[in-house]
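Here are a few notes to read alongside the structure. Take them one at a time, and look for each residue as you go.

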Amino acid sequence: MFFQNIDGKKIYSNLLKGKWEIKNHDNTIEVKSPINGETVGFVEAMSKEAVDEAINVAKETQLSWRDVPTNEKSKLLHNVADLLEERIEEMADVMVIEIGKDRRSCMSEIKRTADLIRFTADTAENIKGESIPGDSFPGFKNDKISIVTREPLGVVLAISPFNYPVNLAASKIAPALMAGNTVVFKPATQGSICGLYLAKAFNEAGIPSGVLNTITGKGSEIGDYVVTHKDIDFVNFTGSSEVGKRISRITEMKPLLMELGGKDAAIVLEDADLTLAAKNIVSGAFSYSGQRCTAVKRVLVLDTIADKLVEEILNKIDSVTVGNPLEGDFTVGPLINSKSCDFVEGLIEDAKNKGAKLLLGGERKGNIIMPTLFDNVTTDMRIAWEEPFGPVLPIIRVKSADEAIKIANESEYGLQSSVFTNDINKAFYVANRLEVGTVQVNNKTERGPDHFPFLGVKSSGMGTQGVQYSIEAMSRPKATVINLK
């Protein structure tokens, strides 16, 4: 059973060997809604022995799964996408209450995930190997041919975050499966029920028993154990930079693909379309309460146009709505938990105490931080450098594009940046000097489309994601050399 009602608790099961199981219903984690604090359900806090079983099943199954023809794997993934679209209403309802995201965004995430899975299946069908003649290298005759194919890595550990519990899980699982790997999937505790619904779609679409297995539990109890497990061949993680750095230290030689934090800057130059810039900055900073690694988290604007840009931003913020996601599609709702709210409040107080000009917001109502805008932020303030993961936007005034680049690059993060200008030469000048994975020209920082390369440098990640890039990351080239007489 997908869930069981035991002693008045609705406990969601884990997928193991194609069946839904609860190993220990006495050891559970309560999942509470950030909206009202009510219990959404319980998930098992799995033991290390239960984790071992999930990984062992994946390892045993991988040899048979890798031999399933690619076109058959593709058909199975198309079945998954069909099921997600059929269940979009049900899954959106779960997502709203579990992570506090507005329903329209939840529906969009699930539809986008179905599209991502289909695109991944189709892309994998068209990935080709190559043959290399030996005589193309000096000193060799035409008596050798290298046939280069791609091999799966084995068992992939997929760890997803709370904020996109369906899309950022599928972006790991689908490429891993199409590359011939089996998957052990650990969703974030907040978002785990959404993740299990995704696994349910994979299971019911016909993915063979043992190819996808789920584990739930506290990171403090099983996190280190699972990432360092000898039978995990690859770790794909999305989460905080702090946790990502720890994973990279303790996994030693294990290959990693990680999407971590960001402090994405929007750089606005003198000739920018300020109405366009303000619209994108406000949308980028405040949608889903700023709980996105690609949210606009600071504005670096030239002094000469700063007053006009601030006026435009204030006008656009009028369109930012605040409220309970159960009652409508609001831009800003509750943060994921009170701890996150406490952290954001600390950033706000630090900025106020150090002389930043509070133009809007700054208040807290339960788990909701009201949309907050600061002007005249300086580099001695925490908000200039720390990632809030909340609806707080600092404006830093600079004297030149080079000063904006310098401040942007001094961050420990390097995920994305935006540059707003009508001069393509200036756009490339800035883009070529920013130490980030992606530069958006005249648009907000954002992920996608999902087949674009998505990566961070410095403390923002390791490796490159995006459909083809992820498939390649979760496989390796293998050369078979034919020696001719």
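A salt bridge is a side-chain nitrogen of Lys or Arg within 4 Å of a carboxyl oxygen of Asp or Glu. Keep that in mind for the opening points, and remember that you are looking at a predicted model.

1. Let's begin with Arg103 and Asp93. Their closest N and O atoms are 2.9 Å apart, and because the cut-off is 4 Å, the two residues form a salt bridge. Arg103 lies in helix H4 (residues 103-125) and Asp93 in helix H3 (residues 88-99), so this pair ties together parts that are ten residues apart in sequence. Both ends are partly exposed: Arg103 has a relative accessibility of 25%, and Asp93 has one of 43%.

2. How many salt bridges does the structure hold? There are 30. The general idea is a simple one: side chains of opposite charge can pair when their charged atoms come close.

3. Now find Lys59 and Asp231, another salt bridge, with 3.7 Å between the closest N and O atoms. Lys59 belongs to helix H1 (residues 48-66), while Asp231 sits in the loop between helix H7 (219-227) and strand E12 (234-238), so the bridge ties together parts that are 172 residues apart in sequence. Is Asp231 buried or exposed? At 9% relative accessibility, Asp231 counts as buried, whereas Lys59, at 45%, counts as partly exposed.

4. Asp231 has a further partner to look for. Its side chain also meets that of Lys230 in a salt bridge, at 3.0 Å from N to O. Lys230 is exposed, with a relative accessible area of 69%.

5. Salt bridges can also link up into a group. Here, Asp82, Glu85, Lys111, Asp115 and Arg118 are linked in a network of them.

6. Let's turn to the sheets. In general, strands of a sheet pair through backbone hydrogen bonds, either parallel or antiparallel. One open sheet has three strands in the order E7-E8-E28, with antiparallel pairing. Strand E7 (130-133) and strand E28 (475-483) are at the edges with a single partner strand each, so one side of each has no neighbour in the sheet. On average, neighbouring strands here are turned by 25° against each other, direction ignored.

7. Look more closely at E7 and strand E8 (residues 144-152), which pair over four bridges in the antiparallel sense. Which residue stands opposite Val148 of E8? That is Glu130.

8. Strand E28 also contains Ile482. With a relative accessible area of 38%, Ile482 is partly exposed. Together with Ile147 and Leu484, Ile482 forms a nonpolar patch on the surface, and the three have about 230 Å² of accessible area together.

9. Another open sheet has seven strands in the order E16-E19-E20-E15-E14-E22-E23, and its pairing is mixed. Strand E16 (357-360) and strand E23 (438-441) are its edge strands, each pairing on one side only. The average turn between neighbouring strands of this sheet is 20°, direction ignored.

10. Within that sheet, strand E19 (residues 372-375) and strand E20 (residues 392-398) run parallel, joined by three bridges. Leu373 stands opposite Leu393 in E20. Helix H10 (residues 303-317) packs on the sheet, where it touches strand E14 (265-268), strand E15 (298-302), E16, E19 and E20, and its direction makes about 140° with that of E15. Helix H12 (residues 401-409) lies across E14, E15 and E20 and runs at about 160° to E15.

Key
Residues are numbered from 1 along each chain as its sequence is written. This is a predicted model: local features need pLDDT of at least 70, side-chain atom pairs count only at pLDDT 80 or more; totals for chains, interfaces and linings use all residues. Side-chain values use heavy atoms; hydrogens and water are left out. Helices (H or I, at least four residues) and strands (E, at least two) are DSSP runs, numbered from the N terminus. Buried means under 20% relative accessible area, exposed over 50%, partly exposed in between (1.4 Å probe, protein chains only). Two strands pair if DSSP finds at least two bridges between them. Axes are lines fitted to C-alpha atoms, for helices over the stretch in contact, and angles run from 0 to 180 degrees between N-to-C directions. Patches are made of residues with over 30% relative accessible area and no salt bridge: like charges are joined within 9 Å, nonpolar side chains (Val, Leu, Ile, Met, Phe, Trp, Tyr) within 5 Å. Accessible areas come from the Shrake-Rupley method with a 1.4 Å probe; for residues, only the protein chains shown count as cover. Contact means heavy atoms within 4.5 Å.
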